[in-house]
Amino acid sequence: MTARISRRAFLKGSVTIAGAMAASAPVARAAKAIGKDKKEHIATLIDISKCIGCEECVYACQKANQAKYPNPEKPFPKMYPKRVPIEDWSEKKDVTDRLTPYNWLYIQNATAIVNNEEIELTIPRRCMHCDNPPCVKLCPWGAAQQEDNGLSKINSDICLGGSKCKNVCPWDIPQRQTGTGLYLDLLPSFAGNGVMYKCDRCYNRLEKGKVPACIEACSENVQIIGKKSDILKKAHTLAKKINGYIYGEYENGGTNTIYVSPVPFDKLNNSIKKGKGKPHLGKAKDSMALGNNIAKAMLIAPIAGIAAIAGKFYRASKENK
Amino acid sequence: MEKENSIMPLFYKITLFFLTLSGFGQMPIFKRYYIADIPGLGWLANFHITHLMHYIFAGIFISLVVYSSLDFIIFRIDSARITKIIIIKIIIYLGLIITGILMIIKNFSGTPFSPNFIILLALSHFLFCILLLFFLGYHLTKKFKT
């Protein structure tokens, strides 16, 4: 069977294809405009050379966020299949040497050689609050959220504890507590496993015009908070002054936590203890970049459909002649 | 034309299969339920890979839908009968594409969608997927019976 087209159909086809081409243009323009008009993020600068490792920030964080910590119901539901891990930190609330659902900030220790002298450095570690956080973007239910000011947080009322956010985070930051959250009201044995917890940069304090508890408690002024452009300027000035190094500006495509250190970060990364709840200080490529580049390339998808039908239309009109 | 009539449904089937598979791969279930342990399916536990796959097959799906829609408008609208089944299919496809495009836009840095809107998007995209599966299941059962 050959597709035959009349004069009327020819005109209709031409108009339809032209219309479809025109309709795809605003979509392309809209996609191009994405991200151009965004609000400026708030960032923090952490001057590692000032930190004395007193852990005041750690305790201030725990005190300020006490009300947000989990209160798991026990016994935990039996999990199927058996491989699903039960993660219970409710009996280990005092742990401060790593990230846990009850400890969103901890101090990492590193030793390094500066001017032929071995020095010890202490580094406050918590969520980096990425510019385009994979934990937020790839959360299947939108439980991880990013605010206009750039901070990311996990809504404990709707998080199911699947731990995908931890899996896609370049630093494995979020930590799970079993036996709490929405999954208990759904299919507790078969889907979900608690709630994920991490630093939310004291969003409730920021809303009241206060600074995060860790910044307020620090007697050494290790951290400062402000507009990202100002923080980056200060970070570069400081790095130049101490002949230092910057971490967090480009990692994972850019973050809102900028570290300045007198020691190269690859050396610090070799020195610190890494592992579960203990994030690295190494390279982190932009984990959302490839997906977003493919998304931009997807603009040709409707055009490919239009081109294919235009080809069919051309063949049909040629055969008709 | 005959060749096209047999190839297009096959394209749709392959695309919808991989779209659904990679879509479900966005939830942490394949590792939990040992599916990613099956030799050759380990990639189903890698969220970045399933994410990219979902995008690629979404692009192919959009091309197919645009092609079929224009083909219908240009060549078949005068002779075709628009049944309830076709209308349901159009609604489901449109729902999936629109919510899917909005979710892709959401994944760019600095998108202005509110957290509640993002939850609504995620749930409605999932709902349209479930509707599609029911629709395909119903269609297959009917076909099998006849």
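**View 1. Surroundings of I123(A) in the predicted model.** In this predicted model, I123(A) touches I48(A), Y106(A), I107(A), Q108(A) and A110(A), and its partners further include Y259(A), L268(A), I272(A) and L281(A), where residues up to four places away in sequence are not counted.

**View 2. The largest nonpolar core.** I123(A) belongs, together with W171(A), Y259(A) and L268(A), to the members that touch the most others in the largest nonpolar core, a set of 49 residues. At least two residues of this core come from each of several elements of chain A, namely the helices α2 (56-64), α3 (134-137), α6 (213-217) and α8 (265-271) and the strands β2 (106-114), β3 (117-125) and β7 (195-197). The largest share, four residues, is supplied by β2(A).

**View 3. A second core, apart from the largest one.** Another core, of 42 residues, lies apart from the largest, and its members include A301(A) as well as L19(B), F128(B) and L132(B).

**View 4. Chain A as the setting.** Chain A is built with ten helices and ten strands, and 51% of its 321 residues count as buried. Among its contacts between residues at least 6 apart in sequence, 66% join residues at least 24 apart.

**View 5. Chain B, a chain of helices.** Chain B has four helices and zero strands, and its C-alpha trace spans about 45 × 40 × 25 Å along the principal axes. Of its 146 residues, 44% count as buried, while carbon and sulfur atoms supply 76% of the about 8500 Å² that chain B exposes. The chain carries 12 positive and 5 negative side chains, with the centres of the two sets 13 Å apart.

Methods:
Residues are numbered from 1 along each chain as its sequence is written. Chains are lettered from A and ligands numbered from 1 in the order in which they are written. This is a predicted model: local features need pLDDT of at least 70, side-chain atom pairs count only at pLDDT 80 or more; totals for chains, interfaces and linings use all residues. Side-chain values use heavy atoms; hydrogens and water are left out. A nonpolar core is a set of buried Ala, Val, Leu, Ile, Met, Phe, Trp, Tyr and Cys residues joined through side-chain atoms within 4.5 Å. Buried means under 20% relative accessible area, exposed over 50%, partly exposed in between (1.4 Å probe, protein chains only). Contact means heavy atoms within 4.5 Å. Accessible areas come from the Shrake-Rupley method with a 1.4 Å probe; for residues, only the protein chains shown count as cover. Lys and Arg count as positive and Asp and Glu as negative; His and the chain ends are not counted. The place of a charge is taken as NZ of Lys, CZ of Arg, CG of Asp or CD of Glu.
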